[in-house]
Amino acid sequence: MFKVISNSWALFLGLGLIMLGNGLQGSLLGVRASLEGFGVTATGLIMSGYYVGLLSGATMVPKFVARVGHIRSFGAMASLASTSILVHVVFIDPWVWWAMRFVTGFAFAGLFVVAESWLNDAAENDTRGQLLSFYMLITLGGMAGGQFMLNIASPSSYELFVLISALVSLAVIPILLSVSKAPEFNTSESVSIFQLYQVSPLGVFGMLVNGVMMGAIFGMGAVYATAIGLSVSEVALFMGSMVMGGAILQFPLGRMSDILGRRQVIVGASAAGVVVSIFATNFAYDGWVLYLVVALMGGFATPLYALCVAHTNDHLSPSQMVAASGTLVLAGSIGACLGAPITAV
């Protein structure tokens, strides 16, 4: 596993920079939408544009990868994401914001498909859970860092939007300069969501439900935190605690899944998340207890993504993994499209 990580350093560095920008972007838009008076329901619909874009990108990007390869696809999607964030600050309009969230989601679907198919191609079944957990650790660590960057400048100004664009643009450099070999892509097979469900019902259904949770957390988390009266720095800590909880538990759960089995760990983490969530709904918290509860919720919810991906790829051949990565992102995106609007209502 460590050899694969060292050979893929450019991919992990690029992902870390991109997720710094993505983490900051989600919270920034939630806070800025509240400042602009868009309303909670309108904001929920705006944020859902990202997941509709993920849905579209998951169906189209695997074809791009098969045509031009992983590295060129990564560069193109990163450039698209870098450009779209700047439009938000130029046109303060809900419809424009929805369209740009769609474009951002499309681009990030491509980035996720490239990264996950790249890593799954390099992994073995006995280390896949650990490798994908390390991938999620980088992803969640970047997102957590992005939450705290909300304090760098005022959300009502343009500086944070420019910073996000710069971070995403910089992410392309290590990928383009790396000499690491990308996976072969000329033998990619087509895998529909129904075929994938027959191979791994738990993986596909788990991705669908996980998408609903992620849509709720990252689409409306900052809006909720603002609505209950938290300051900008407290909103950053609220969202950061959610993500850091997932980052802390990600690798241990991935390691456990390699030893005990994916299914057992998925069921155990889900059950623990249910208990924490039910407990949280019956009490009012403030101070450090609030952030601890939020961290536990994120700790059991966010690692399910990597666990479901690993469980599914255990049953696939290497030639199916690019298409399967797109299909898994598609399943998660369908759920995420529902998560933010339902939570907003």
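# A tour of the rings, the cavity and the salt bridges

Begin by selecting Tyr 224, which counts as partly exposed because its relative accessibility is 48%. Keep in mind throughout that the model on screen is a predicted one.

**Stop one: from Tyr 224 to Phe 238**

With Tyr 224 still selected, add Phe 238, since the two rings form a tilted aromatic pair, with 6.0 Å from centre to centre and 45° between the planes. Tyr 224 belongs to helix H10 and Phe 238 to helix H11 (residues 232-260), so this pair ties together parts that are 14 residues apart in sequence. Is Phe 238 buried or exposed? Phe 238 has a relative accessible area of 4% and is therefore buried, whereas its partner Tyr 224 is partly exposed.

**Stop two: the other rings**

A search of the whole structure finds 5 aromatic pairs, and the next one to display is that of Tyr 50 and Tyr 51. These two rings meet edge-to-face, with their centres 5.0 Å apart and an angle of 90° between their planes. Tyr 50 and Tyr 51 are both buried. Now add Phe 108 to the selection, for ring pairs link Tyr 50, Tyr 51 and Phe 108 into a cluster.

**Stop three: the largest cavity**

Keep Tyr 50 and Tyr 51 on display and add Phe 112, Met 214 and Phe 218, since these five residues lie nearest the centre of the largest cavity, which is lined by 31 residues. Several helices surround this space: those that give two or more residues to the lining are H2 (9-35), H3 (40-68), H5 (94-122), H6 (128-148), H10 (201-227) and H15 (321-344). Which of the elements gives the most to the lining of the largest cavity? That element is H10, with 7 residues, and H10 is also the helix that holds Tyr 224 from the start of the tour.

If you colour the lining by residue class, you should find 17 nonpolar, 12 polar and 2 charged residues. The volume of this cavity is about 510 Å³, and the structure as a whole holds 2 cavities of 30 Å³ or more.

**Stop four: the salt bridges**

Turn next to the charged side chains, where the count comes to 3 salt bridges. Select Glu 36 together with Arg 32, whose side chains meet in a salt bridge of 2.9 Å from N to O. The two partners can be told apart by their accessibility, for Glu 36 counts as partly exposed at 34%, while Arg 32 counts as buried at 6%.

Then move to Arg 262, which is buried, with a relative accessible area of 6%. The side chain of Arg 262 meets that of Asp 258 in a salt bridge of 2.5 Å from N to O, and both of these residues are buried. Which residue forms a salt bridge with Arg 262 whose closest N and O atoms are 2.8 Å apart? Select Asp 314 to see this partner of Arg 262. Asp 314 lies in the loop between helix H14 (304-313) and H15, while Arg 262 lies in helix H12 (residues 262-281), so their contact ties together parts that are 52 residues apart in sequence.

To end the tour, show Asp 258, Arg 262 and Asp 314 together, since salt bridges with shared partners join these three residues into one network.

Definitions and conventions
Residues numbered from 1 in each chain as written. Predicted model: local features only at pLDDT ≥ 70, side-chain atom pairs only at ≥ 80, totals over all residues. Heavy atoms only, no water. 1 Å grid on protein atoms, 1.4 Å probe; cavity = no way out; pocket = protein on both sides within 12 Å on 5 of 7 lines; lining within 4 Å. Points joined across faces, edges and corners; volume = space filled by probe spheres on them. Helix = DSSP H or I, 4+ residues; strand = E, 2+ residues; numbered from the N terminus. Nonpolar A, V, L, I, M, F, W, Y, C, P; charged D, E, K, R; others polar. Phe/Tyr/Trp six-rings, centres within 6.5 Å; stacked < 30°, edge-to-face > 60°. Buried < 20%, exposed > 50% of the residue type's maximum accessible area, 1.4 Å probe, protein only. Salt bridge = Lys/Arg side-chain N within 4 Å of Asp/Glu carboxyl O.
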